[in-house]
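Reader: I would like to go through the labels used for this model and see what each of them rests on. Could we take them in turn, setting values against cut-offs?

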Amino acid sequence: MLLNIYLKEIKDCFRDRRTLLLTVLLPIIMMTGLTLFYEKLISDGGDDTYTLAVDTSFGTDEANIFAAHKNIELVKSSNPEKALQEGDAQAALILTPGFIRNIENDKEASVTLIGDSFSQNSSNLMNIVTNALSTYEMSIISERLKAQEIDSAIIEPFTIHQKEMSEEDPSINLIAMLIPMMLALAIGIGAGPAASDLFAGEKEKKTMEALLMTPVKRSTLLISKWLTISTIGALTGIITLVVVALEITFLTENLKKSVSFGDNAYLIISLAILVSIIYAMFIASLLMVTSIIGKTVKESQSYSTPILMVAVFPTVFTSTIGINELSYQHFSIPILNIFSLLKELIFGIINYEHIMLTIGSNLICMILFFIIGRIMFMKDKWVMN
């Protein structure tokens, strides 16, 4: 009986075009957009061409400073800053009159670089220009020291060597932030409409009373509806993982280089799918309670919205925490532990204590909310009004 009701609920959900849209198409669209965005974000911009506005007095000697950077296009203007503001350039460089001559004669010379740090292209160009000017500055200092017969090492009493604790590509941090966030959103967005329709929707359409009059036990109805919500949420999560894996493999270069699971690839993917299913079951219990409380679909969605919003907050916490700084508390708090565990898995770390703690805490909370939902579903005041 339970299986028959479950299959019926699944068929009814997938007859709804909205469910198909939120379960299949929306994750694909969202993941495609965000994957390509993050790919662009971590690109070094080496293949891009940037436009730098300079004064009309900018001569060949000044241009030689940037000769090594073929991707910088110089645009001369009587007012470089205005050219930048009007969108004719991505940054503006203003030099004091007679810049090269002043340097050669040991006179004061200054540089003003104007750009928009909130623009990726402008920020990239400013970094390139700054590096080129720093290289030119060091060459001038070296020539002056050489003319004075002074060893250039005198201004460099020591050297600094910076080494990352992990040999992983730094861009993997973006993936560790992208995948858990989109997974949590996709599961919530996919399961939300089904949860609202299966409880609040039944009450709004006045079909709940007729459903309860059937010989089927309320507990059986509750479990079948909960399983339906969990299935749709888990399916959405799995589709999201598959989509992002395929897109990173075939549509990106930088993100693809940063991900390497080695011999543990299948195990890590299997654990990620398991975590997605557990999280979908946990969210299904929460959404079931909000749907039982709501008298209409709209009211149920209003109650469930904060849950979907809270599911994004862990991104803020985990994105600023190093992989070695994750502690047991990060794996014992529901929702946060999903983000923490997926971050470890993306880095190729398999810690079975953290996995069991994450699964256990989510199952405990899932059972707790399921019991609350069952108590409410057994009372007519929650399901008949």
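Reader: In which helix is Ser285 found?

Author: Ser285 is found in helix 11, which covers residues 265-293. The model is a predicted one, and its protein chain averages a pLDDT of 85, with 92% of the residues scoring at least 70.

Reader: What makes Ser285 count as buried?

Author: The relative accessible area of Ser285 is 0%, and buried means under 20%, so Ser285 is called buried.

Reader: How do you know that a polar contact joins the side chains of Ser285 and Trp226?

Author: The two side chains are joined at 3.0 Å, and the cut-off for a pair of N or O atoms is 3.5 Å, so the distance lies within the limit. Leaving aside neighbours within four places in sequence, Ser285 is in contact with Trp226, and also with Met366, Phe369 and Phe370.

Reader: How many aromatic pairs are there, and why is the one between Trp226 and Phe370 called edge-to-face?

Author: The count comes to five aromatic pairs. In the pair of Trp226 and Phe370 the ring centres are 5.4 Å apart and the planes make 70 degrees; because the centres must lie within 6.5 Å and planes over 60 degrees apart count as edge-to-face, both conditions are met. Trp226 lies in helix 9 (residues 218-251) and Phe370 in helix 16, so the pair ties together parts that are 144 residues apart in sequence. Trp226 is buried at a relative accessible area of 10%, and Phe370 is buried at 18%.

Reader: Why, then, is the pair of Tyr279 and Phe282 called tilted?

Author: The planes of Tyr279 and Phe282 are 45 degrees apart, with 6.4 Å centre to centre; stacked requires under 30 degrees and edge-to-face over 60, so this pair is tilted. Both residues lie in helix 11, three residues apart, which is about one turn of the helix. Tyr279 is buried, with a relative accessible area of 1%, as is Phe282, with 4%. Ring pairs also link Tyr279 and Phe282 with Phe369 into a cluster.

Reader: What makes Lys225 count as lying over the face of Phe199?

Author: Lys225 is at 5.8 Å from the ring centre of Phe199, and the distance cut-off is 6 Å, so that part of the rule is satisfied.

Reader: How do you know that the span of helix 6 is close to the expected one?

Author: Helix 6 (residues 120-147) has 28 residues and reaches 41 Å from its first C-alpha to its last, against the 40 Å expected at 1.5 Å a residue.

Definitions and conventions. Residues are numbered from 1 along each chain as its sequence is written. This is a predicted model: local features need pLDDT of at least 70, side-chain atom pairs count only at pLDDT 80 or more; totals for chains, interfaces and linings use all residues. Side-chain values use heavy atoms; hydrogens and water are left out. Helices (H or I, at least four residues) and strands (E, at least two) are DSSP runs, numbered from the N terminus. The expected span of a helix is 1.5 Å times one less than its number of residues. pLDDT is the predictor's confidence in each residue, from 0 to 100. Buried means under 20% relative accessible area, exposed over 50%, partly exposed in between (1.4 Å probe, protein chains only). A polar contact is a pair of N or O atoms within 3.5 Å; within protein, one must be able to donate a hydrogen and the other to accept it, and residues adjacent in sequence count only if both atoms are side-chain atoms. Contact means heavy atoms within 4.5 Å. Rings of Phe, Tyr and Trp (its six-membered ring) pair if their centres lie within 6.5 Å; planes under 30 degrees apart count as stacked, over 60 as edge-to-face and the rest as tilted. A charge sits over a ring if NZ of Lys or CZ of Arg is within 6 Å of the ring centre and within 35 degrees of the ring normal.
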